[in-house]
Amino acid sequence: PTPPLYSPQRFPLFLCWSKPFTVNMPKVFEAAEVAQHSTKEDLWVTIDGRVYDISAFVDEHPGGEEVLLECAGEDATEGFEDVGHSQDARDMLPQYYQGDLKGGKPQGAEKKASKPSGGESGGFGKLLLPLAIIAAAVIYKIYFA
């Protein structure tokens, strides 16, 4: 008899895939659910559409607990970005991550998309370097070839 299509006899590499695996999808929270966590002992905020439980960090926050309590249970993206947190502060966020906000669009992405980066304005700035290279090649061909 012919072995099954995905058997170790037919495909020895199947042994590598024989263990089931799961993909951990982030939990999705409604805004109303996040709003229920608005006390010092149970403090959640959203930043860029992601939900963070920062209850354990309230006492350690360099800006004081009042700042965090003002945005408890709400979107704190604007306040977080306006203060200009360090990279160290941003690196701490994953340890407090709980999931994503349902329908929560990353607000930071909107701000970044609306600002041109690197001093370029519009699409012409992106074409400037290739055009300069082509012009240099044409000039070289005309005068030196």
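Before sorting any pocket residues, I fixed my classes: Ala, Val, Leu, Ile, Met, Phe, Trp, Tyr, Cys and Pro count as nonpolar, Asp, Glu, Lys and Arg as charged, and the others, Gly among them, as polar.

**Entry 1: ground rules**

I am working on a predicted model, where local features need pLDDT of at least 70, side-chain atom pairs count only at pLDDT 80 or more, and totals for chains, interfaces and linings use all residues. Residues are numbered from 1 along each chain as its sequence is written, and side-chain values use heavy atoms, with hydrogens and water left out.

**Entry 2: the fold**

I looked up the secondary structure and got 7 helices and 4 strands. For the record, helices (H or I, at least four residues) and strands (E, at least two) are DSSP runs, numbered from the N terminus. Read from that end, the order is α-β-α-β-β-α-α-α-β-α-α. Next I checked burial: of the 145 residues in the protein, 21% are buried. My cut-offs are under 20% relative accessible area for buried, over 50% for exposed, and partly exposed in between (1.4 Å probe, protein chains only).

**Entry 3: the largest pocket**

I went to the largest pocket, which holds about 440 Å³ of space. A pocket here is found on a 1 Å grid over the protein atoms alone, as an open set of points where a 1.4 Å probe fits, with protein on both sides within 12 Å along at least five of seven lines; lining residues have an atom within 4 Å of a point. The volume is the space filled by probe spheres set on the points, with grid points joined across faces, edges and corners.

Which residues lie nearest the centre of the largest pocket? I noted Ile47, His61, Leu68, Phe80 and His85, out of 20 lining residues. By class, the lining splits into 15 nonpolar, 4 polar and 1 charged. Strand 2, helix 3 (65-70), helix 4 (77-83) and helix 5 (87-92) each give the lining at least two residues.

**Entry 4: salt bridges**

I counted 4 salt bridges in the structure, taking one as a side-chain nitrogen of Lys or Arg within 4 Å of a carboxyl oxygen of Asp or Glu.

Lys102 pairs with Glu30 at 3.3 Å, N to O. Lys102 sits in the loop between strand 4 (97-101) and helix 6 (107-114), and Glu30 in the loop between strand 1 (27-29) and helix 2 (31-35), so this pair ties together parts that are 72 residues apart in sequence. Lys102 is exposed at 53% relative accessibility, while Glu30 is partly exposed at 41%.

Lys40 meets Glu65 at 3.1 Å, N to O. What does this pair tie together? Lys40 is in the loop between helix 2 and strand 2 and Glu65 is in helix 3, so the link joins parts that are 25 residues apart in sequence. Both ends came up partly exposed: Lys40 at 29% and Glu65 at 26%.

Glu81 and Arg90 make a salt bridge too, at 3.1 Å, N to O. Salt bridges with shared partners also join Lys40, Asp59 and Glu65 into one network.

While at Lys40, I looked up Ala72, which is in the loop between helix 3 and helix 4 and is buried at 8% relative accessible area. The C-alpha atoms of Ala72 and Lys40 are 8.3 Å apart, with their positions 32 residues apart along the chain.

**Entry 5: an odd phi**

Asp48 caught my eye with a phi near 55°, a positive value in a residue other than glycine. Most residues other than glycine have a negative phi. I placed Asp48 in the loop between strand 2 (44-47) and strand 3 (50-53), partly exposed at 22%.

**Entry 6: a nonpolar patch**

Which residues form the nonpolar patch on the surface? I wrote down Ile134, Val138, Ile139, Tyr140, Ile142, Tyr143 and Phe144, with about 840 Å² of accessible area together. Patch members need over 30% relative accessible area and no salt bridge, and nonpolar side chains (Val, Leu, Ile, Met, Phe, Trp, Tyr) are joined within 5 Å. The areas come from the Shrake-Rupley method with a 1.4 Å probe, and only the protein chains shown count as cover for residues. I checked Val138 on its own: it belongs to helix 7 (residues 124-144) and is partly exposed at 45%.

Key
Patches are made of residues with over 30% relative accessible area and no salt bridge: like charges are joined within 9 Å, nonpolar side chains (Val, Leu, Ile, Met, Phe, Trp, Tyr) within 5 Å.
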